[in-house]
Amino acid sequence: MASETMIQNAKAFLQQESPDSKLNLYDHMCSVMHKILENRTPNSVDLLEALSKEVKTNKFAPPCDPSSLQDVRPASLEVELANVQNKLFEKPSEDAEPEPEDEVEMPLPDLMDTAHYFEQAGLGLGREETFRIFLALKNLVDTHTLQSVRFWGKILGTEKNYIVAEVEYREGGEEEQEGEEEEGEEPRDEEAEEPKEGDEDNLPTPDYKPPPVIPKEETGTGCNKKTYFVCNEPGTEWTKLPPVTPAQIVCARQIKKFFTGNLEETVISYPPFPGTEINYLRAQIARISAGTLISPVDYFKFEEDDEDDSDGEGRDSFVENVEFEPPRVQELIDPSLSNWVHHVQHILPQGRCVWVNPTVKTETEDFEDEEEEEEREEPDEPVPEHGPPLLNPISEDSEVDSMPAWSAGLTSNLVPQYAAAVLRSNLWPGACVFGLDKKFENLYIGWGHKYTAENYSPPAPAATQEEYPSGAEVTEVPDPTVDEERALQAVQQEQLDREAEEAEMEEDDEDED
């Protein structure tokens with residue numbers, strides 16, 4: 001019985017599967033022995049290693065296609081991507097109903113035309129990839145009610161890249177977008193109310209009051225004026241980015257992270273980023289757009305109702321100037337750069353384009369804390385923040401490490417009469433714009449990082465807070481000596497004797513009375 005148990009244990013050990021090949025030694029040795037006995041291989045002891053390798057190779061051989069007698073090998077990543085992008089080149093069937101004709105202009109831009117000018121300057125993604133992106137944008141237009149679409153650029157990542165499209169919804173399509181945002185905010189209110197359930201335990205509550213949350217800008221205004229869609233490759237599904245919040249922009253200015261290409265990836269940083277990579281991507285797009293989207297001067301103008309504001313402050317909308325007369329190419333590359341303006345609002349240090357007072361409460365907040373607020377000292381009134389107005393010349397941009405914020409040049413110095421003006425941003429490497437006659441276009445292709453002269457180093461952690469206030473009752477002191485203890489006991493004994501005498505004298509006085 002003992003020998004049988006040993007044999008069963010040995011057999012069970014040999015039948016353990018390998019986690020890599022999913023094979024076990026017992027079946028493999030049986031296959032090798034079967035091959036040796038079937039072929040009657042001479043000198044099998046010398047060929048044991050080769051026979052073992054041959055048995056393994058035959059097991060992992062790809063399946064054979066009986067129709068072509070060829071090995072069926074797994075498709076590579078390039079083949080799988082080609083199968084996905086093949087749908088972009090499919091023509092609509094003739095039986096499909098024709099699209100209704102309306103007066104709305106086609107929002108799809110002529111991407112190949114703009115790519116032609118960037119190609120002259122040595123910029124862009126190449127004609128083949130650009131055309132695939134052009135077809136992907138067409139698919140986006142066909143599936144959403146959009147007013148305008150623009151290829152914003154391409155942000156590179158460590159594993160995958162992001163192709164970014166900037167869109168504006170038509171009237172009515174934006175209402176659905178706002179409804180989705182409101183639904184996403186409901187769980188936050190529930191989480192904020194959960195701690196109130198523990199008030200019945202009569203636990204001490206901390207006196208710390210967190211700073212007020214800066215509200216995000218509404219859809220269609222400020223940093224959320226445009227909506228952005230992203231995808232990893234042309235032909236894959238477009239994903240709409242959520243609106244950006246001031247807290248995300250403020251934190252994105254303090255960190256520097258490479259994108260991975262996965263929107264659900266956790267952003268590990270200090271200070272902690274409030275969100276995942278999809279939020280960090282949206283914050284970087286907002287920062288890059290505010291700093292690099294420019295247009296020729298007088299191409300846009302403010303509406304007639306806002307012409308009274310000469311300084312341009314407080315205005316957030318403009319219209320295209322029908323009477324625009326394009327400057328000459330030599331004027332566009334003038335070193336003063338006074339013929340280009342920013343047509344996206346500047347983001348304030350608060351993380352918004354329009355400053356709000358965080359100490360002012362809205363009507364939706366509770367009025368139960370009014371009595372507590374009266375007892376508390378009123379905080380100092382914050383100083384309002386101001387930035388450059390809309391359509392501000394890029395000549396007023398700050399220098400970047402003793403360099404101008406923009407570098408201007410021509411697409412060709414050999415034939416300047418047919419060349420276009422090209423400007424490259426030194427603050428956000430990868431951002432560029434071309435201008436020729438009435439045509440201009442902005443493009444960004446880069447890692448989504450701002451230029452820094454020195455290597456990035458994360459900020460140091462904040463100082464450790466005190467657990468309790470320091471005082472004489474909690475401060476450690478040296479132990480007294482024996483003589484000091486005896487002297488203290490003598491003083492205490494004298495005080496007790498004095499109190500006892502005073503008590504006896506009071507009793508005697510009462511007895512005499």
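This passage describes the mixed sheet of a predicted model, the strands and helix associated with that sheet, and three further helices.

The sheet is open and is formed by 8 strands in the order E6-E5-E4-E3-E14-E13-E12-E11, with mixed pairing. Strand E6 (239–240) and strand E11 (406–410) stand at its edges and have a single partner strand each, so that one side of each is left without a neighbour in the sheet. In general, the strands of a sheet pair through backbone hydrogen bonds, in either a parallel or an antiparallel sense.

Within this order, strand E3 (residues 146–155) is placed between E4 and E14, and the pairing on its two sides can be described in turn. Towards strand E4 (residues 162–169), E3 pairs in the antiparallel sense over 8 bridges, and the two strands form a hairpin in which 6 residues lie between them. One of the pairs along this hairpin joins Gly 153 to its bridge partner in E4, Val 164. Towards strand E14 (residues 439–446), by contrast, E3 runs parallel and is joined by 3 bridges, with Ile 155 standing opposite Gly 446 in E14. Of the 10 residues of E3, 8 are buried, that is, under 20% relative accessible area, and the strand is therefore largely enclosed by the rest of the structure.

The antiparallel arrangement continues from E4 to strand E5 (residues 227–231), as these two strands pair in that sense over 5 bridges; here Glu 166 has Tyr 228 in E5 as its bridge partner. Helix H6 (residues 127–143) lies across E3, E4 and E5, and runs at about 145° to E3.

Two further helices, H2 (residues 25–39) and H3 (residues 48–59), have axes that come within 10 Å and cross at roughly 110°. Because angles of 65 to 115 degrees count as roughly perpendicular, H2 and H3 are described as roughly perpendicular to each other, and the crossing in which H2 passes H3 is right-handed. On the H2 side, the residues that meet H3 are His 28, Ser 31, Val 32, Lys 35 and Ile 36, whereas those contributed by H3 include Leu 48, Leu 51, Val 55 and Lys 59. In an α-helix there are 3.6 residues a turn, so residues three or four places apart point the same way.

Helix H9 (residues 277–292), finally, has 16 residues and reaches 22 Å from its first C-alpha to its last, which is close to the 22 Å expected at 1.5 Å a residue. This helix is mostly covered, with 15 of its 16 residues buried.

Methods
Residues numbered from 1 in each chain as written. Predicted model: local features only at pLDDT ≥ 70, side-chain atom pairs only at ≥ 80, totals over all residues. Heavy atoms only, no water. Helix = DSSP H or I, 4+ residues; strand = E, 2+ residues; numbered from the N terminus. Expected span 1.5 Å × (residues − 1). Buried < 20%, exposed > 50% of the residue type's maximum accessible area, 1.4 Å probe, protein only. Pairing = 2+ DSSP bridges. Contact = heavy atoms within 4.5 Å. Axes fitted to C-alpha atoms, helices over the stretch in contact; angles between N-to-C directions. Parallel < 35°, antiparallel > 145°, perpendicular 65-115°, else oblique. Left-handed = near helix turned anticlockwise from the far one by under 90°.
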